[in-house]
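Subject: Structure for you, with notes

Hello,

Here is the structure I said I would pass on. My notes follow below it.

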Amino acid sequence: MRTDSSPGTLPAREHLPAGDAGTPVLDVVIPVYNEEKDLQPCVLRLHEHLTRTFPYPFRITIADNASTDTTPQVSARLEARLAEVRAFRLEQKGRGRALRTVWSASDAPILAYMDVDLSTDLNALLPLVAPLISGHSDLAIGSRLSHSSRVVRGAKREFISRSYNLILRGSLQARFSDAQCGFKAIRRDVAQVLLPLVEDSGWFFDTEMLVLAERAGLRIHEVPVDWVDDPDSTVHIVRTATEDLRGVWRVGRALATGSLPLDRLARPFGDDPRDRELTDVPKGLARQLLGFCVVGALSTLFYLLLYTVFRGFTGSQVANALALLVSAIANTAANRRLTFGVRGRGGVVRHQAQGLVVFGIGLALTSGSLAALNTATTSPGHSTELAVLIAANLAATVLRFLLFRAWVFPERRDPEPAPVPTYTSEPYTAEPYSPYQFRAGAAANHTTWGDATLRLQPVRPNDTDPRD
């Protein structure tokens, strides 16, 4: 499946329009578990800061992860006291589960979360969400590892944080600098498509979300933050680190096998309105050419090595055919995954069969060149044979790229939408699906509670695209 030029399901990013006065632009979620002591000072401080500095309507949502102390009562008092505060309770633990549930139900176009200890200086909140409001970025994260960040924390946590980010860079090729900072934001249109792909429901949730977003080509904005460690943090470091490493292994395996439908997150070519008017523009051509050249160079070296090995115990024609066959299979697989971004196992046999047809053309060119050389001279030297084969392979390479792009891995074009039929009579309107409704701060039920109701849309982390 293509990830570089597929139109995807996300529209071009645009500046958020001015909404209704009653609809918040920003929804800040605070996941909590047994935080009866710190919850009220945190919410009051955050509410005062947003009231004083944030130029848009906002909401603060307390997501209680099955607390067993008086946290639910504190949340209910804050909800009754402050109009912008909502309380929500889940009967299962898990920060990722809380964020997925509340973000999926929120009507705010910008969704954020922060830890209850407010270790991050709140002055970074507006710079965090501004690129999302303007349409510049898809996600935004606070970074404690930026050169301009000011961080106060112990040597143990510093070592763990930097080691974890090195693991992400080495294993998942992550380019963002800080995965664990509890200070992140995302556009709702991105979250609606991205969250069903995220499987983790614990502390690895936001790391997995960032890795998938980055691999899909979404834009992640980083904000340097001032951060002070909370010495009373209840996070179990060893258990959390173990679960994170399991998540790294799971995501790395999924990325390696191509089982994630990341083309759902593809943006259209260009966010400038002028780009949308362009037609018949080959998208990703420069990147494909670069990838094809790299794969081609490696394939040529592999081919020459195989030819030299086979030539030691067979004739030139047989050695050329065997070396070209093996290298052609490897070349098709590499170009399929790296150059043209095709993921998953669907169509592998067909692509290899078409690649063998292309191989046949290359075999004809190279074999014909060797035949011409043998006709011209009775006993050509090994270096002469190699020179002729290199020239023939260069000619076959150009033709191979054109065939790969136009025939083996063509651009996928979405079908035109079917016209909507019109009827003269009154059309039948089906009763829409009614998701479960939750009253903020209460258990699930089927009663509508006015403005305090959060309408939950079902999220299925293991959904797959039928096209895959």
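Helix α11 passes α12 in a right-handed crossing. Please keep in mind that this is a predicted model. The two helices, α11 and α12, pack at an angle of about 145 degrees, and their axes are 9 Å apart. Sorted by class, the residues in the contact of α11 with α12 are 12 nonpolar, 11 polar and 1 charged.

Asn320 is a residue to look at here, as a member of α11, which covers residues 316–339. Is Asn320 buried or exposed? Its relative accessible area is 0%, so Asn320 counts as buried. Beyond its neighbours within four places in sequence, Asn320 is in contact with Tyr303, Tyr307, Leu363, Thr366, Ser367, Leu370 and Leu389.

Next is the pair α12 and α13. Helix α12 spans residues 348–376 and helix α13 spans residues 382–408; they pack at an angle of about 150 degrees, with 9 Å between their axes. α12 and α13 are therefore roughly antiparallel to each other, the cut-off for that term being over 145 degrees. The crossing of α12 past α13 is right-handed. In this contact there are 15 nonpolar, 8 polar and 3 charged residues.

The third helix pair is α1 with α2. Their axes come within 10 Å of each other and cross at roughly 25 degrees. That angle makes α1 roughly parallel to α2, a term that applies under 35 degrees. α1 also passes α2 in a right-handed crossing. From α1, the contact takes Leu39, Gln40, Val43 and Leu44, while α2 supplies Thr71, Val74, Ser75, Leu78 and Arg81. By class this gives 5 nonpolar residues, 3 polar and 1 charged.

Now the chain as a whole. The protein chain contains 13 helices and 12 strands. It has 468 residues, of which 46% count as buried. Taking contacts between residues at least 6 apart in sequence, 78% join residues that are at least 24 apart.

On the nonpolar cores: the largest has 45 residues, and those with the most contacts inside it are Trp103, Leu139, Phe176, Ile186, Leu194, Met209 and Leu212. Which elements give two or more residues to this core? They are the strands β3 (85–90), β4 (110–114) and β5 (139–143), together with the helices α3 (95–105), α5 (155–172), α6 (188–194), α7 (205–215) and α8 (237–257). α7 gives the largest share, 6 residues. Leu194 can serve as an entry point when you view this region: apart from neighbours within four places in sequence, Leu194 is in contact with Leu139, Ile186, Met209, Leu212, Ala213 and Leu265. There is also a second, separate core of 38 residues, which includes Val28, Val85, Val116 and Leu122.

Helix α4 runs over residues 125–134, and its buried residues are Leu125, Leu128, Val129, Pro131, Leu132 and Ile133. What do the buried residues of α4 pack against? The helix partner is α1 (39–53), and the strand partners are β1 (26–32), β4, β5, β7 (183–187) and β8 (220–224). After α4 comes Gly135, with a positive phi near 90 degrees.

Two residues other than glycine have a positive phi and are worth a check on your screen. Ala66 has a phi near 55 degrees and sits in the loop between β2 (58–65) and α2 (71–81). Its relative accessibility is 14%, so Ala66 counts as buried. Gln173 likewise has a phi near 55 degrees, and this residue lies in the loop between α5 and β7. Where Ala66 is buried, Gln173 is partly exposed, at a relative accessible area of 44%.

If you want somewhere to start, bring up Asn320 with its contacts Tyr303 and Leu389, among others. After that, go to Leu194 and its contacts in the list above, including Met209 and Leu265.

Regards

Terms used. Residues numbered from 1 in each chain as written. Predicted model: local features only at pLDDT ≥ 70, side-chain atom pairs only at ≥ 80, totals over all residues. Heavy atoms only, no water. Axes fitted to C-alpha atoms, helices over the stretch in contact; angles between N-to-C directions. Helix = DSSP H or I, 4+ residues; strand = E, 2+ residues; numbered from the N terminus. Parallel < 35°, antiparallel > 145°, perpendicular 65-115°, else oblique. Left-handed = near helix turned anticlockwise from the far one by under 90°. Nonpolar A, V, L, I, M, F, W, Y, C, P; charged D, E, K, R; others polar. Core = buried A, V, L, I, M, F, W, Y, C linked by side-chain atoms within 4.5 Å. Buried < 20%, exposed > 50% of the residue type's maximum accessible area, 1.4 Å probe, protein only. Contact = heavy atoms within 4.5 Å.
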